[in-house]
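Biologist: I have a fold on my screen and plenty of labels to make sense of. Could you walk me through the reasoning behind them?

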Amino acid sequence: MVRHRTHSIEFKRQVVQDYLAGETLHSLGRRHDLSRDLIRIWIQKFEAGTFDDEATAADTIQTYEARPPWSGSSEGRLWRSSF
């Protein structure tokens with residue numbers, strides 16, 4: 001079974017910045033062991049401004065996962081009495 005790697009937003013931005021500075025897809029792919037298609041996807045997302053959306057979503061998920069489900073907020077409650 002192939003295990004998928006995850007990369008931070010900062011790493012993705014750095015790869016895109018290296019590409020925009022003139023490095024080729026081929027050399028970036030070899031240096032970081034990435035497919036050129038994946039780098040192209042990152043470039044498209046960067047140009048569309050969706051890296052910021054990904055970062056926000058990742059922060060939201062990390063915050064949600066860090067909070068215990070029994071915390072005092074009503075959002076964390078699994079049930080609510082209707083009596």
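Modeller: Happy to; we will take confidence, an aromatic pair, a loop, the core and two helices in turn.

Biologist: How do you know how far to trust the coordinates?

Modeller: This is a predicted model, and its protein chain averages a pLDDT of 79, with 61% of the residues scoring at least 70. Confidence is highest in helix α2 (residues 25-32), at a mean of 96, and lowest in helix α4 (residues 51-66), at 66. Where pLDDT is low, the predicted coordinates should not be read in detail.

Biologist: Why are Phe 11 and Trp 42 called an aromatic pair, and what makes the pair edge-to-face?

Modeller: Their ring centres are 6.0 Å apart, and the limit for a pair is 6.5 Å, so they qualify. The planes meet at 85 degrees; anything over 60 counts as edge-to-face, so that name fits too. A search of the whole structure finds one aromatic pair, and this is it.

Biologist: What does the pair tie together?

Modeller: Phe 11 sits in helix α1 (residues 9-20) and Trp 42 in helix α3 (residues 36-48), so the pair ties together parts that are 31 residues apart in sequence.

Biologist: Is each partner buried, exposed or partly exposed, and how do you know?

Modeller: Buried means under 20% relative accessible area. Trp 42 has 4%, so Trp 42 is buried. Phe 11 has 25%, which lies between that limit and the 50% above which a residue is exposed, so Phe 11 is partly exposed.

Biologist: Now the loop between α2 and α3: what makes Asp 33 exposed and Leu 34 buried?

Modeller: Both residues lie in that loop. Asp 33 has a relative accessible area of 56%, over the 50% cut-off, so Asp 33 is exposed. Leu 34 has 9%, under the 20% cut-off, so Leu 34 is buried. Asp 33 also has a positive phi of about 55 degrees although it is not a glycine.

Biologist: What is Leu 34 in contact with, leaving aside its neighbours within four places in sequence?

Modeller: Its contacts are Arg 5, His 7, Phe 11, Val 15, Gly 29, Ile 39 and Trp 42. Both members of the aromatic pair, Phe 11 and Trp 42, are on that list.

Biologist: Why is Leu 34 counted in the largest nonpolar core?

Modeller: A core joins buried nonpolar residues through side-chain atoms within 4.5 Å, so a buried leucine joined in this way belongs. The core has 10 residues in all, including Val 15, Leu 28, Leu 34, Ile 39 and Trp 42. Helices α1, α2 and α3 each supply at least two residues of this core. In soluble globular proteins, nonpolar side chains tend to be buried together.

Biologist: How do you know that the buried residues of α3 line one face?

Modeller: Ile 39, Trp 42 and Ile 43 are the buried ones. Seen down the axis of α3, they fall within an arc of 100 degrees, so they line one face of the helix. Gln 44 and Ala 48, on the other side, are exposed.

Biologist: And what makes the span of α1 agree with expectation?

Modeller: At 1.5 Å a residue, its 12 residues should span 16 Å, and the end C-alpha atoms are 16 Å apart, so the two agree. The helix is followed by Gly 22, whose phi is positive, near 120 degrees. Helix α3 is followed by Gly 49, with a positive phi near 80 degrees.

Key. Residues numbered from 1 in each chain as written. Heavy atoms only, no water. Phe/Tyr/Trp six-rings, centres within 6.5 Å; stacked < 30°, edge-to-face > 60°. Helix = DSSP H or I, 4+ residues; strand = E, 2+ residues; numbered from the N terminus. Buried < 20%, exposed > 50% of the residue type's maximum accessible area, 1.4 Å probe, protein only. pLDDT = per-residue confidence, 0-100. Contact = heavy atoms within 4.5 Å. Expected span 1.5 Å × (residues − 1). Arc of directions from axis to C-beta.
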